Every structure is written in structure tokens, then in C-alpha cells.
Amino acid sequence: MNLFKRSILALLFLILASFSVSLSIKAAIGVNASWDSLSQNVFYLSGIKVGTFSMMLNLSCVLGQMIILNKNYHYSRLSQILVSLISGVFVNYFYYDVLSNIVIEHYMIRLALFVCAIVLMVFSVAVMMIVDVVTYPLESLV
């Protein structure tokens, strides 16, 4: 598969991963990752949207890579900036626009929603790893 097709596939599954983050937050019984938990708590304390703070964290990871790797930093990693921005924008879009009016009162439905979110996230990240176009900034920093 050529780079263009792999990039389109990575973009689609990045958007699906962003949807899964929003879905897990909407379920209100947990989140996919501690990163999302931190972003959600910052939202409660400051009003900075979850996706926006997630963008800030991811961009700080890109900056951290630049500092640590210095001359060995490959500029192909700059695509992580796009990943950070796209992911944050779509998390905000799905959570604050698409899912905002949905109210889920039953715990079992929340649990099912959360499990669906986890499965979607795992599947999305797996596909992104397989197409091997870009990595998430946090993983690259680590």
C-alpha cells in the first residue's frame, strides 16, 4: 500500500480514536487513558476543553522530543503536530457538539458504552500502528 493510502487510513482511524475518547468521557465511568483523565480534570478546574488541553500536552511531547534528540530529531516527526491538532479538534467536536445533548442515566448502558469505547480505541491504535505512518507524540517522547 502506498504512502497516500496509508496516510488516509491513519487519518480515518485517528478520527475514530478521537471519537472513542469522547465516548469514554461521555460514559462517565472512566476514561481510556490517564492522559484523558488529566485533560478532563483540567477542564473541570479551568474550563479548557478536553481536546484543547490534550493538544497542548501532545505538542509539549513533540517539543520534548526536539529538545532531547536535538540534532538527531528527524523532521518526519513533525507530522505528530498534525496528529495532535487533528485529535484534539475531533475530541472537542465529538464530545462538545455531537454527544453533548445525549444523557445516559443507566449504569449498564454507560458500561456498555465504555467497553465499546475501549474496543474502538484498541482497534484504532492497532490499525495506526500497522499502517506505520505516524506515532502518537507521547509514545515517541517515551
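Is Gln65 buried or exposed? In this predicted model, Gln65 is buried, with a relative accessible area of 2%. That value falls under the 20% limit for a buried residue. The residue sits in helix H3, which covers residues 50-69. Beyond its neighbours up to four places away in sequence, Gln65 touches Asn70, Tyr73, Arg77, Gln80, Pro137, Ser140 and Leu141.

Helix H3 has 20 residues. At 1.5 Å a residue, H3 should span 28 Å. The C-alpha atoms at its ends are 29 Å apart, which agrees with that expectation. Gln65 is one of several buried residues in H3. Val50, Gly51, Phe53, Ser54, Met55 and Leu57 are also among them. Further along H3, the buried set includes Asn58, Cys61, Val62 and Gly64. These buried residues of H3 pack against H1, H2, H4 and H6.

One partner of H3 can be followed at Ser39. This residue is found in helix H2. Ser39 is buried, at 0% relative accessibility. Leaving out residues up to four places away in sequence, Ser39 touches Val50, Phe53, Ser54 and Leu57. Each of these four is listed among the buried residues of H3.

Ser140 offers a view from helix H6, where it lies. Ser140 is in contact with Gln65, Arg77, Gln80 and Thr135, leaving aside neighbours within four places in sequence. Ser140 and Arg77 are 63 residues apart in sequence. In space, their C-alpha atoms are 8.7 Å apart. Arg77 and Gln80 also touch Gln65.

Helix H4 spans residues 79-98 and has 20 residues. From its first C-alpha to its last, H4 reaches 27 Å. This is close to the 28 Å expected at 1.5 Å a residue. The buried residues of H4 include Gln80, Val83, Ser84, Ser87 and Gly88. Val91, Asn92, Phe94, Tyr95 and Tyr96 are buried in H4 as well. What covers them includes helix H1 (3-27), helix H2 (34-46), H3 and helix H6 (137-141).

Ile86 is also placed in helix H4. What is its exposure class at 23% relative accessibility? Ile86 counts as partly exposed, because the buried class ends under 20% and the exposed class begins over 50%. Ile86 touches Leu11, Leu14 and Ile15, not counting residues up to four places away in sequence. The C-alpha atoms of Ile86 and Met55 are separated by 8.6 Å. Along the chain, Ile86 and Met55 are 31 residues apart. Met55 is one of the buried residues of H3.

Two loop residues stand out by their backbone angles. Most residues other than glycine have a negative phi. Ala28 is not a glycine, yet its phi is positive, at about 60°. Ala28 lies in the loop between H1 and H2. At 48% relative accessibility, Ala28 is partly exposed. Asn70 also has a positive phi, of about 50°, although it is not a glycine. Asn70 comes just after H3, in the loop between H3 and H4. Asn70 is exposed, at 56% relative accessibility. Asn70 is also one of the residues that Gln65 touches.

At the surface, a nonpolar patch is formed by Leu63, Met66, Ile67, Ile68, Tyr75 and Leu78. Together these residues have about 630 Å² of accessible area. Leu63 is found in helix H3. At 47% relative accessibility, Leu63 counts as partly exposed. Buried Gly64 and Gln65 belong to H3 too.

How many disulfides does the structure hold? The structure holds zero disulfides. Two cysteines were examined for exposure. Cys61 is buried, at 4% relative accessibility, and is listed among the buried residues of H3. Cys116 is partly exposed, at 43% relative accessibility.

Technical notes: Residues are numbered from 1 along each chain as its sequence is written. This is a predicted model: local features need pLDDT of at least 70, side-chain atom pairs count only at pLDDT 80 or more; totals for chains, interfaces and linings use all residues. Side-chain values use heavy atoms; hydrogens and water are left out. Helices (H or I, at least four residues) and strands (E, at least two) are DSSP runs, numbered from the N terminus. Buried means under 20% relative accessible area, exposed over 50%, partly exposed in between (1.4 Å probe, protein chains only). Contact means heavy atoms within 4.5 Å. A disulfide is a pair of cysteine sulfur atoms within 2.5 Å. The expected span of a helix is 1.5 Å times one less than its number of residues. Patches are made of residues with over 30% relative accessible area and no salt bridge: like charges are joined within 9 Å, nonpolar side chains (Val, Leu, Ile, Met, Phe, Trp, Tyr) within 5 Å. Accessible areas come from the Shrake-Rupley method with a 1.4 Å probe; for residues, only the protein chains shown count as cover. A salt bridge is a side-chain nitrogen of Lys or Arg within 4 Å of a carboxyl oxygen of Asp or Glu.
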